[in-house]
Amino acid sequence: VKEAETRSFEADVSRLLHMMVHSVYSDRDVFLRELISNAADACEKLRYEAIARPELLGDDPKPVITISADPDQKRLTVEDNGIGMSREELVEALGTIARSGTRAFMERIEAAKSGEGAELIGQFGVGFYSAFMVADRVDVITRKAGADEAWRWSSDGKGSYEIAPVPVADTPKRGTRVVLHLMEDATSYTQSYQLERLIKEQSGHVPVPVALVEKPGADRREIADGTALWVKPKSDIKPEDYTDFYRGVSGLYDEPAATIHFKAEGRHEYNTLAFVPGSRPFDLFDQDRKGRMKLYVRRVFITDDADLVPRYLRFVRGLVDSADLPLNLSREMIQDSPLLAAVRKGVTNRILGELTKLAESDGEGFTKIWENFGVVLKEGLYEDWERREQLLKLARFRSTTSGESWRSLADYVAAMKDGQKAIYFMTGDDKARLEASPQLEGFKARSVEVLLLTDPVDSFWVAMAPEFDGKPFKSVTQGGADLSDIALPDATAKTDAETSPEIATFIAFMKSTLGEEVSDVKASDRLTESAVCLVAPEGGPDRQIERLLSAAGR
Ligand code: ADP
Ligand code: MG
């Protein structure tokens, strides 16, 4: 099709646009960041395509993003000389919402207090549409690198858009120009000091230079130089630089909880700049979400799909820039490259190493990280045997004695009672309910600490029967939780259950009454007030696992 055409937005886009304009109002500044970030992505995609097809660059090899203001016309333009879009790509990218997260996004926005909305935009990757927060009409003129046709997309954001061919004589050789016709109350976005401030603050570290043209006819002025932050020496980087960069790479608007920046040298050379977010991204459990750790090769963006860290570190955002990998990495090479395997290992070790250091030097800071991401890190306890020891050291728990604070296993072991041989835990859905369980009576009476494990993932790693510091983990609901070796504070309170004739008679009676319903009836030290409780056989599945399995219909 080469004709002009009017098309309707997908229903979801219309809903999203409506919401953008009506409820996500508080921090409109972010629209510029979103457009600059798309422009930078387009330049990086071209840089990558041009490895195989250098002719795409023509006589204009240097990527650049230009922001032009026209105060009289109340217009703002964001232009790049990147990859551009074909007609199909234009329709697909700016008329639909392909991503599954969008519905979730809209639900969150609708539920959000005003003000929270803007923070969600970047995370959900619906960045382009944020232009309609400040513009009542948006034109996108684009020409795909190497193509001999160009297209104009235009919309007022109210349900439909037009798409029409434009004579290539009127367009740049390649790339995309986004023209915002600013709303009456958004004309301050043509003021040069305002634009300069926003570019520096929000986009100072995009890997493509950004220039400003203050008004028609004015000279271009470079605002950001496009130097990759991660190759700069650490001593030249200010904390605010890291924060800006973090916001760009994560789509989050808070401060990073940890910044990990290092250069690996020796057999493989690579730079890593990674962040632990200061808050929990909404899609921590969404399998489809792209863009966690990006892979660069000698500053050329290659992919955000190279699984550079294990799944249980999926909350980490950032990049690895390798000096040794070939630029023309194929998908298969990304899967199988031994070099990349070494990079994965190095990056993972370093991240865990930094977290371990932080746990030692800044307990409070680490606790915050644990509260946000502990559930995910714990997946590593059964997925990554090699690093289980280290992950167990990092793990923090609530227990019968912890109150609102967190306990490490080292804390637990240090507080073990004389005669106590195991690390006791109880799994369940809810801490308060666990704490009220009769299973804990004998432990409480002896002041033996019990870990209260309430995350679904807990049942899985404890089922692998790990040890810590030579002490096995033991469920209080399993028969082996024998407390007879641990003294009660009041020694006389202990009856000798094994030998008492009354108890033996009672047990015989219980066994004959219950018959096949139970596998055994035993006297136990675990209760002090309740008369009986159900326990799982030693070595058998934990009670919580049994419940999960029966809920799953097994
Ligand atoms: P995201 O950047 O997360 O993919 P956006 O809403 O910001 O989401 O952009 C949607 C899509 O539109 C992009 O994925 C890209 O395909 C296309 N796009 C937007 N701006 C440009 C641009 N300047 N050059 C080329 N493609 C663009
Ligand atoms: Mg974007």
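Let's start at the hairpin of strand 19 and strand 20, where two residues sit between the strands and Asp469 takes a positive phi near 55 degrees. Please keep in mind that what we are looking at is a predicted model. Asp469 is not a glycine, and yet its phi is positive. You will find Asp469 in the loop that links strand 19, residues 467-468, to strand 20, residues 471-475. Is Asp469 buried or exposed? The answer is partly exposed, because it has 14 C-beta neighbours inside 10 Å, and a residue needs 20 or more to be called buried.

The two strands of this hairpin run antiparallel and are joined by two bridges. One pair to look for is Glu467, whose bridge partner in strand 20 is Pro472. Strand 20 also pairs with strand 17, residues 423-427, this time in the parallel sense and over three bridges. There, Tyr424 stands opposite Lys474 of strand 20. For anyone who wants the background, strands of a sheet pair through backbone hydrogen bonds, either parallel or antiparallel.

Asp469 has a companion in this respect. Ser447, also a residue other than glycine, has a positive phi near 55 degrees. Ser447 lies in the loop between helix 15, residues 441-445, and strand 18, residues 451-453. Its surroundings hold 13 C-beta neighbours inside 10 Å, so Ser447 counts as partly exposed.

Now go a few places along to Val450. What does Val450 touch, once residues up to four places away in sequence are left out? Its contacts are Ser399, Thr400, Tyr424, Phe425, Met426, Leu440, Phe443 and Val476. Tyr424 is the residue we just met opposite Lys474.

That takes us to the inside of the protein. The largest nonpolar core has 61 residues, and Val450 is one of those with the most contacts inside it, along with Val316, Val320, Phe425 and Leu451. Which helix gives this core its largest share? Helix 9, residues 338-361, does, with six residues. There is also a second, separate core of 55 residues, with Val13, Ala50, Met85 and Leu198 among its members. As a general point, in soluble globular proteins, nonpolar side chains tend to be buried together.

Ala50 falls in helix 2, which covers residues 30-52. This helix has 23 residues and spans 34 Å from first C-alpha to last, close to the 33 Å expected at 1.5 Å a residue. Of those 23 residues, 17 are buried, so helix 2 is largely enclosed by the rest of the structure.

Next, the open sheet. Nine strands make it up, in the order 1-6-5-4-7-3-2-8-9, with mixed pairing. Which strands stand at the edges? They are strand 1, residues 5-8, and strand 9, residues 220-224; each has a single partner strand, so one side of each is left without a neighbour in the sheet. From one strand to the next, the twist averages 20 degrees. Within the sheet, strand 2, residues 65-70, and strand 3, residues 75-80, run antiparallel and are joined by six bridges. Asp70 is there too, standing opposite Arg75 of strand 3.

Asp70 turns up again when we look at Lys215. Lys215 sits in the loop between strand 8, residues 210-213, and strand 9. Leaving aside neighbours within four places in sequence, Lys215 is in contact with Ala69, Asp70 and Pro71. With 13 C-beta neighbours inside 10 Å, Lys215 counts as partly exposed.

Two distances give a feel for the scale. Lys215 and Glu332 are 48 Å apart in space, C-alpha to C-alpha, and 117 residues apart in sequence. Arg331, which lies in helix 8, residues 331-336, has its C-alpha 38 Å from that of Ala4, with their positions 327 residues apart along the chain. Arg331 is exposed, with 10 other C-beta atoms within 10 Å.

Let me finish with the whole chain. It has 18 helices and 20 strands, and 37% of its 554 residues count as buried. Taking contacts between residues at least 6 apart in sequence, 72% join residues at least 24 apart. On confidence, the average pLDDT is 87, and 88% of the residues score at least 70. Where pLDDT is low, the predicted coordinates should not be read in detail. For the complex, the predictor gives an ipTM of 0.99 and a pTM of 0.77. Thanks, everyone!

Key. Residues numbered from 1 in each chain as written. Chains lettered and ligands numbered in written order. Predicted model: local features only at pLDDT ≥ 70, side-chain atom pairs only at ≥ 80, totals over all residues. Helix = DSSP H or I, 4+ residues; strand = E, 2+ residues; numbered from the N terminus. Buried ≥ 20, exposed ≤ 12 C-beta atoms within 10 Å, placed from the backbone. Contact = placed C-beta atoms within 7 Å. Expected span 1.5 Å × (residues − 1). Core = buried A, V, L, I, M, F, W, Y, C linked by C-beta atoms within 7 Å. pLDDT = per-residue confidence, 0-100. Pairing = 2+ DSSP bridges. Axes fitted to C-alpha atoms, helices over the stretch in contact; angles between N-to-C directions.
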